[in-house]
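Here are a few short exercises to work through with the structure open beside you. Try each task before you read the solution below it.

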Amino acid sequence: MHYCFITGFLRSGTTLVEKLVHALPGACVGPQPFPFLYYDTKRAFLRARGAGEERYPLGSLFREERYRPEDFQAFLRSHRLTPQATAASFAAMRGYSGWKLPALAAHAGQAGEGSFAEVYRKLCERLPGILGAEASRLLGAKEVFCEEFIPYFLAEGVSVLLVLRDVRDVLTSLKFGSGAAYANRDLPLLHIVRQWRKSVAFALELSGRPGFEAVRYEELVARPRAWLDALAGRWGMPAAAPGAIESLRDQEGREWQSNSSFAPARGVSRDSVGRFAEHLPAAWLAAVEWLCAPEMKVLGLRPAADPATDAWQDLVGGEELDAERQRLRVIGDPRAPEAEQRRWCIFPGAYRRLGSDSGAGSSARM
């Protein structure tokens with residue numbers, strides 16, 4: 001049995017990827033079946049380091065100096081989940097809108113005690129019975145915000161798909177249309193930007209790692225059959241049946257309609273690509289392109305804002321604007337100390353890629 005994990009930032013296309021992978025013969029992928037298990041595990045790590053409680057334990061890692069991502073990986077390697085801890089996570093999820101598979105709660109006790117990866121596998125093994133799937137080759141789950149778990153999963157033999165989407169369309173989907181139905185519309189601009197940049201940093205750092213793939217949303221929706229067939233080949237899976245993508249189904253066998261903030265569509269649609277041009281105000285566009293300029297460059301995303309526009313600075317303001325200017329200075333300094341590389345870019349590898357001109361004008365292969 002092969003195991004996979006799908007993650008990425010909000011409104012990046014993780015649900016679409018989850019539905020496509022689930023469409024492969026012999027596959028069963030759960031839609032956000034146990035989100036609090038990730039949050040509570042990160043909280044346990046923070047408590048172990050004396051860092052206290054945080055509302056958003058899976059944060060952006062921007063200016064994080066209390067620990068490195070490698071410290072969290074070391075914690076996961078030694079941490080044991082008890083049946084009591086797993087049960088507490090499931091109990092806390094009652095009433096949480098981000099929990100998409102509450103039926104799994106009745107089976108949580110069967111996961112027993114073990115490492116995070118062992119409990120993950122055992123919980124995934126309960127999914128086919130709940131979803132009525134005949135999974136014989138692939139099991140997995142999808143959850144947003146969980147980039148920090150990727151290196152650990154890879155080391156444990158779990159394949160990972162990290163979904164990346166144009167940050168301008170992500171921002172448009174979160175802040176406009178019916179975005180409030182899927183996420184907190186009050187999320188600050190910098191929170192959105194920094195969480196998205198974290199996804200890019202992990203993609204750059206893990207590029208080429210066995211079992212890891214960064215999925216570019218824009219490329220996926222342009223050629224979904226080619227993408228899914230290639231993935232199936234790499235994972236030793238049979239290709240999806242004819243028509244499976246054109247009439248994409250959810251885990252309960254119903255025709256799936258995308259959760260777009262603007263115009264929900266059946267199956268895979270390209271209509272959401274570049275929607276920011278119609279809906280994102282000029283100041284917001286200029287702000288996000290300035291804040292994400294290095295990441296956009298390395299991903300081959302061309303700026304669209306008027307470079308003379310400066311009203312966007314009010315959307316950032318004060319000390320945070322100074323911090324962002326310092327980040328750009330560090331990225332532009334080829335001799336920045338490693339501590340500064342990590343402070344502003346999370347990984348030295350990401351810092352080097354963001355500061356290089358090699359990705360300009362073309363989509364970086366990750």
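**Exercise 1. Check the length of helix 2 in this predicted model: what span should its 14 residues have, and how far apart are its end C-alpha atoms?**

Solution.
- Step 1: Start from the rise of 1.5 Å a residue, with one less than the number of residues as the multiplier.
- Step 2: For the 14 residues of helix 2, this gives an expected span of 20 Å.
- Step 3: Compare that with the model, where the end C-alpha atoms of helix 2 are 21 Å apart, so the two values agree.
- Step 4: Look just past the end of the helix, where G50 follows with a positive phi, near 70°.

**Exercise 2. Decide whether helix 2 is mostly covered or mostly open, and find what covers its buried residues.**

Solution.
- Step 1: Apply the cut-off for a buried residue, which is under 20% relative accessible area.
- Step 2: Count the residues that pass: 11 of the 14 in helix 2 are buried, which makes the helix mostly covered.
- Step 3: Name some of them; the buried residues of helix 2 include P35, F36, Y39, K42, R43 and L46. Charged side chains are thus on the list too, K42 and R43 among them.
- Step 4: Look for the cover, which includes strand 1 (2–8), helix 3, helix 4 (83–92), helix 5 (116–131) and helix 6 (150–155).

**Exercise 3. Find the salt-bridge partners of R49, E338 and E252, and say how exposed each residue is.**

Solution.
- Step 1: Begin with the total, as a search of the whole structure finds 26 salt bridges.
- Step 2: Take R49, which pairs with D71, their closest N and O atoms being 3.9 Å apart. This bridge links distant parts of the chain: R49 lies in the loop between helix 2 (35–48) and helix 3 (69–78), D71 lies in helix 3, and the two are 22 residues apart.
- Step 3: Grade the pair by accessibility. R49 has 44% relative accessibility, so it counts as partly exposed; D71, at 28%, is partly exposed as well.
- Step 4: Move on to E338, whose side chain meets that of R68 in a salt bridge at 3.6 Å, N to O. Here too distant parts of the chain are linked, with E338 in helix 15 and R68 in the loop between helix 2 and helix 3, 270 residues apart. E338 is partly exposed at 38%, and R68 is partly exposed with a relative accessible area of 38%.
- Step 5: Finish with E252, which forms a salt bridge with R254, the closest N and O atoms being 3.1 Å apart. E252 is exposed, because its relative accessible area is 59%, while R254 is partly exposed at 48%.
- Step 6: Now look for shared partners: R63, R194, R197, E320 and E324 are joined by salt bridges into one network.

**Exercise 4. Locate the largest cavity and describe its lining: which residues are closest to its centre, and which elements contribute?**

Solution.
- Step 1: Search the whole structure, which gives 1 cavity of 30 Å³ or more. The largest cavity has a volume of about 100 Å³.
- Step 2: Go through its 13 lining residues; R197, K198, W344, C345 and I346 are the closest to the centre.
- Step 3: Assign elements. Helix 8 (189–206) and helix 15 (338–345) are those that give two or more residues to the lining, and helix 8 has the largest share, 4 residues.
- Step 4: Sort the lining by class, which yields 7 nonpolar, 1 polar and 5 charged residues.

Note on methods:
Residues numbered from 1 in each chain as written. Predicted model: local features only at pLDDT ≥ 70, side-chain atom pairs only at ≥ 80, totals over all residues. Heavy atoms only, no water. 1 Å grid on protein atoms, 1.4 Å probe; cavity = no way out; pocket = protein on both sides within 12 Å on 5 of 7 lines; lining within 4 Å. Points joined across faces, edges and corners; volume = space filled by probe spheres on them. Salt bridge = Lys/Arg side-chain N within 4 Å of Asp/Glu carboxyl O. Buried < 20%, exposed > 50% of the residue type's maximum accessible area, 1.4 Å probe, protein only. Contact = heavy atoms within 4.5 Å.
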